[in-house]
Amino acid sequence: VIAEDPSLPEAKKITIGDKDIQLGEGDVKGLRVKVSGRIHRIRAQKQATFITLVDGYGHLQCVLLAGPLTKTYEALVFAQGTALTLYGEMRKVPAGQDAPDGRELHVDYYKVVGRAPTDEDSITNRVSQQQLPWESVMLDQRHFVIRGDNASMVLKVRSFVEFAFMTQYRKRKFTKVSPPALVQTQVEGGSTLFELPYYDEKAYLTQSSQLYLETAIQSMGNVYCIEKSFRAEKSLTRRHLAEYTHVEAELDFIEFPDLLAHMEDLICGVIDMCMEDQEIAAMIKLLNPEFKVPSRPFKRMRYSDAIDWLNAQSPPILNEEGNPHTFGDDIAEAAERQMTDIINLPIFLTHFPAEIKAFYMQKDPNDRRTTESVDCLMPGVGEIVGGSMRMDNFDELMEAYEKEGISPKDYYWYTDARKYGTSPHGGYGLGLERFLAWLCNQHSVRTCCLYPRFMGRCKP
Ligand code: 4AD
């Protein structure tokens, strides 16, 4: 057992995030502190044991000189994950050595708060790369994986990005609203609806808050929300989740070019904020060393030109049936990604045919086969935003319901916007995880969630 030396100065409680601490150097004493955290890495050497401590705010190198401190039973069972409070003097790291923030804690006393297993049940063994299938082990052990540096950096960038969106919207005087997740209407087609019993009725988990946002602009002006959307996607791709975070906005009294200009401005505002925050910019640099702030304006490309572009490649990029693309084809995920990767710039792909787009989209007055619609495509990921102008004419919307096979009765509250002071308006939805996959260079949207949900996975 070890005891605290009563002749030492009283220790000041800090977190690893506190950077402005007096460091000892030579004969100059540093501040004596106490810091609680968990062992991230441990290296026992002859003269000393080195611990990298983490507490969620950073990494701290801690030195325990070999002797009474390292010989206790507690010290012998130190393991990755062990929670402890370390006491000691904060010193500048010796010349020629490297440690986070250029400092190290010279430990003179500690208390173990919570032990962690050292045996076959240790964290390292639980997330061992030897186990197969590797991806499902990582997902089963997600609660340990998120303790890792990379996983937790992505989640920290995520937190900042949400804050940046909120800040950018506020700067533009958008009001945040919070639409319901339990709904009785569909927005993006019946095939991806999650249905659930709702008392004596049927309800769905929302696919998008768009319709609700469209009913809020009349009183609140431009509005946005950051809410969960749900899609019963039956495919396992690296960009599809069953539950994802949807950043959606709706703008009143605009025309299509205004919508594109706003989307570009907002996305760039968020990226600029990330780059201006030292800590976040450093994380993005570690995760995505090649990242470059996209240049403006984003490339604009009409759907019909994209079809020509795909066919003009050698060899041509084919559609899902293996044929050259023709007007009216959905540009499938693979083709879309090839195109984005070759062009290697953010692209606003616009004017999709009405046939392949959602019922609510406004037709292009110059070519009524097409819609005033836009997908924003990013290299490496493909589509991260989908948006459009909304059908604002009552009769046209009634026709669209009929074509879609949905009952206008259930949508009266949406339709009423066309009856009581209709206006040209539009909006979009951005998949937060897709945005992050692009920003943080993640192979899949799955590592951009705390606990991803997709077909076959609803735990932990
Ligand atoms: O293109 P989508 O389906 O558009 C809508 O839902 C509109 N109602 C949004 C609006 O205008 N308010 O989805 C918008 C975005 C996509 O670009 C994509 O980034 C993301 O939502 N998304 C998904 N992200 C992860 N997993 C899924 N299964 C997704 N489905 C869509």
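**Figure 1. The loop that holds Pro297, between helix H9 (278-287) and strand E13 (299-302).** The model is predicted; local features need pLDDT of at least 70, side-chain atom pairs count only at pLDDT 80 or more, and totals for chains, interfaces and linings use all residues. Residues are numbered from 1 along each chain as its sequence is written, and side-chain values use heavy atoms, with hydrogens and water left out. Arg296 and Pro297 are joined by a cis peptide bond, with omega about -5°. Helices (H or I, at least four residues) and strands (E, at least two) are DSSP runs, numbered from the N terminus.

**Figure 2. The cis peptide bond between Ser314 and Pro315.** Omega is about -5° here. Pro315 belongs to the loop between helix H10 (303-312) and H11.

**Figure 3. Tyr199, a residue with positive phi.** Tyr199 is not a glycine, yet its phi is about 50°. The residue lies in the loop that runs between strand E9 (194-198) and strand E10 (201-205).

**Figure 4. The shell around the ligand.** The ligand is surrounded by 22 residues, the closest being Glu188, Gln210, Arg231, Glu248 and Glu383; a residue is near a molecule if one of its heavy atoms lies within 4 Å of it. Strand E12 (243-252), strand E18 (382-389) and strand E19 (425-431) each contribute at least two residues to this shell. Its composition is 6 nonpolar, 8 polar and 8 charged residues. In these classes, Ala, Val, Leu, Ile, Met, Phe, Trp, Tyr, Cys and Pro count as nonpolar, Asp, Glu, Lys and Arg as charged, and the others, Gly among them, as polar.

**Figure 5. Polar contacts of the ligand with Glu188, Arg390 and Tyr428.** A polar contact is a pair of N or O atoms within 3.5 Å. One nitrogen atom of the ligand is 2.7 Å from a polar side-chain atom of Glu188. A side-chain N or O atom of Arg390 lies 2.8 Å from an oxygen atom of the ligand. Tyr428 places a backbone N or O atom 3.2 Å from a nitrogen atom of the ligand. Taken alone, the ligand exposes 630 Å², of which the protein buries 94%; accessible areas come from the Shrake-Rupley method with a 1.4 Å probe.

**Figure 6. The second largest pocket, where the ligand sits.** A molecule sits in a pocket if more than half of its atoms lie within 2 Å of the pocket's grid points. On a 1 Å grid over the protein atoms alone, a pocket is an open set of points with protein on both sides within 12 Å along at least five of seven lines, and lining residues have an atom within 4 Å of a point. The volume of this pocket is about 1400 Å³, taken as the space filled by probe spheres set on the points, which are joined across faces, edges and corners. The pocket is lined by 48 residues, and those closest to its centre are Glu188, Arg231, His240, Lys357 and Glu383. Elements giving two or more residues to the lining include helix H11 (333-343), strand E17 (373-378) and helix H14 (432-439). E18 gives the most, 5 residues. By class, the lining has 19 nonpolar, 13 polar and 16 charged residues.

Notes: A polar contact is a pair of N or O atoms within 3.5 Å; within protein, one must be able to donate a hydrogen and the other to accept it, and residues adjacent in sequence count only if both atoms are side-chain atoms. On a 1 Å grid over the protein atoms alone, a cavity is a set of points where a 1.4 Å probe fits but cannot get out, and a pocket is an open set with protein on both sides within 12 Å along at least five of seven lines; lining residues have an atom within 4 Å of a point.
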